[in-house]
Amino acid sequence: VVLLAPMLQLKVSYMERFFLSGLAYIVPTIPLIPTSATSNEKQYRDADKRQECQNDKLTYKGKLRPRSAYTLVNITSQLQEKFALIRTPLLIMVADDDVVVQNEGSEKLYNQSSSCTDKTKKHYPALHGLLCEPSPLFDEIKQDLLSWMDDRAT
């Protein structure tokens, strides 16, 4: 399993979660929740790749919908309960300058996946879009990823 800047933890208070569940029930699909996480400047450092993402018609660029946000909150909570059960080889690539996800989730996964005997965690001075960094950092990330996969394919 390869995880690039994974969303594994969200800081949501009980009150925020309660309010979000109400919104998700009443107006599940109305784009209501502003987020800086959708800003391409905060995700992609390479200007050409950022432009490519901005031009992608399949990329959602609006506000979060309450049901989607509530689902993300629930999924991250459920995932954290299962970290100790992971047994498959695991590569976690962490973007240290990430403002989209909280890297504490990656740290928890690495530390709590005690059943996993083949796990690697790599940190990079990168934004969330690890594969959208300019060279030479992109080349390092790509080489680490391919080497890790190649080592396990043989």
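**Helices over the sheet**

I began with helix α4 in this predicted model, and found that α4 lies across β1, β2 and β3 and runs at about 155° to β3. I then looked up α5, which also lies across β1, β2 and β3, at about 175° to β3.

**The sheet itself**

I next asked in what order the strands are arranged, and the answer is an open sheet of three strands, β1-β2-β3, with parallel pairing. Because β1 and β3 stand at the edges, each has a single partner strand, and one side of each is left without a neighbour in the sheet. I noted that the twist averages 10° from one strand to the next. As background, I wrote down that strands of a sheet pair through backbone hydrogen bonds, either parallel or antiparallel.

I went through the pairings one at a time. Strand β1, residues 2–4, is joined to β2 by three bridges, and the two run parallel. Within this pairing, I found Val2 with Leu91 as its bridge partner in β2, while Leu3 stands opposite Ile92. On the other side of the list, six bridges join β2 to strand β3, residues 119–124, again in parallel, and here Leu90 stands opposite Lys119 of β3. I followed the chain from β2 to β3 and saw that it crosses through helix α4, residues 104–112, in a β-α-β crossover that is right-handed.

**Strand β2 and the cores**

How many residues of β2 are buried? I counted six of six, so to speak a strand that is mostly covered. Leu90, Ile92 and Val94 point one way from β2, whereas Leu91, Met93 and Ala95 point the other way, and all of them are buried.

I then looked for the largest nonpolar core and found eleven residues in it, among them Ala5, Leu91, Met93, Ala95, Ala126 and Trp148. The elements that give two or more residues to this core are β2, residues 90–95, and α5, residues 137–153. It is α5 that gives the most, with four residues. A second, separate core has seven residues, including Phe83, Leu90, Ile92 and Cys116. I set beside this the general remark that, in soluble globular proteins, nonpolar side chains tend to be buried together.

**Two alanines in loops**

Where does Ala5 sit? I located Ala5 in the loop between β1 and α1, the helix of residues 14–26. Ala5 has a positive phi of about 45° although it is not a glycine. I recorded for comparison that most residues other than glycine have a negative phi, and most peptide bonds are trans. Ala5 counts as buried because its relative accessible area is 3%, under the 20% cut-off. Leaving aside neighbours within four places in sequence, I found Ala5 in contact with Met93, Ala95, Asp98, Val101, His128 and Leu130.

I turned next to Ala126, which is placed in the loop between β3 and α5 and is buried, with a relative accessible area of 0%. With neighbours within four places again left aside, Ala126 is in contact with Arg45, Ala95, Asp96, Asp97, Asp98, Glu133 and Leu137. I also looked up a residue outside that list: Gln51 is 75 residues from Ala126 in sequence and 17 Å from it in space, C-alpha to C-alpha.

**A cis peptide bond**

In the loop between β3 and α5 I also found Pro136. The peptide bond that joins Ser135 and Pro136 is cis, with omega at about 10°.

**Cysteines**

How many disulfides does the structure hold? I found zero. A disulfide is a covalent bond between the sulfur atoms of two cysteines, and I therefore checked the sulfur of Cys53, whose closest cysteine sulfur, in Cys132, is 4.5 Å away and so too far for a bond; the cut-off for a pair is 2.5 Å. Cys53 is buried, with a relative accessible area of 18%. Cys116 is buried as well, at 5% relative accessibility, and I had already met Cys116 in the second core.

Note on methods. Residues numbered from 1 in each chain as written. Predicted model: local features only at pLDDT ≥ 70, side-chain atom pairs only at ≥ 80, totals over all residues. Heavy atoms only, no water. Core = buried A, V, L, I, M, F, W, Y, C linked by side-chain atoms within 4.5 Å. Buried < 20%, exposed > 50% of the residue type's maximum accessible area, 1.4 Å probe, protein only. Contact = heavy atoms within 4.5 Å. Pairing = 2+ DSSP bridges. Right-handed = clockwise from strand over helix to strand, strands pointing away. Axes fitted to C-alpha atoms, helices over the stretch in contact; angles between N-to-C directions.
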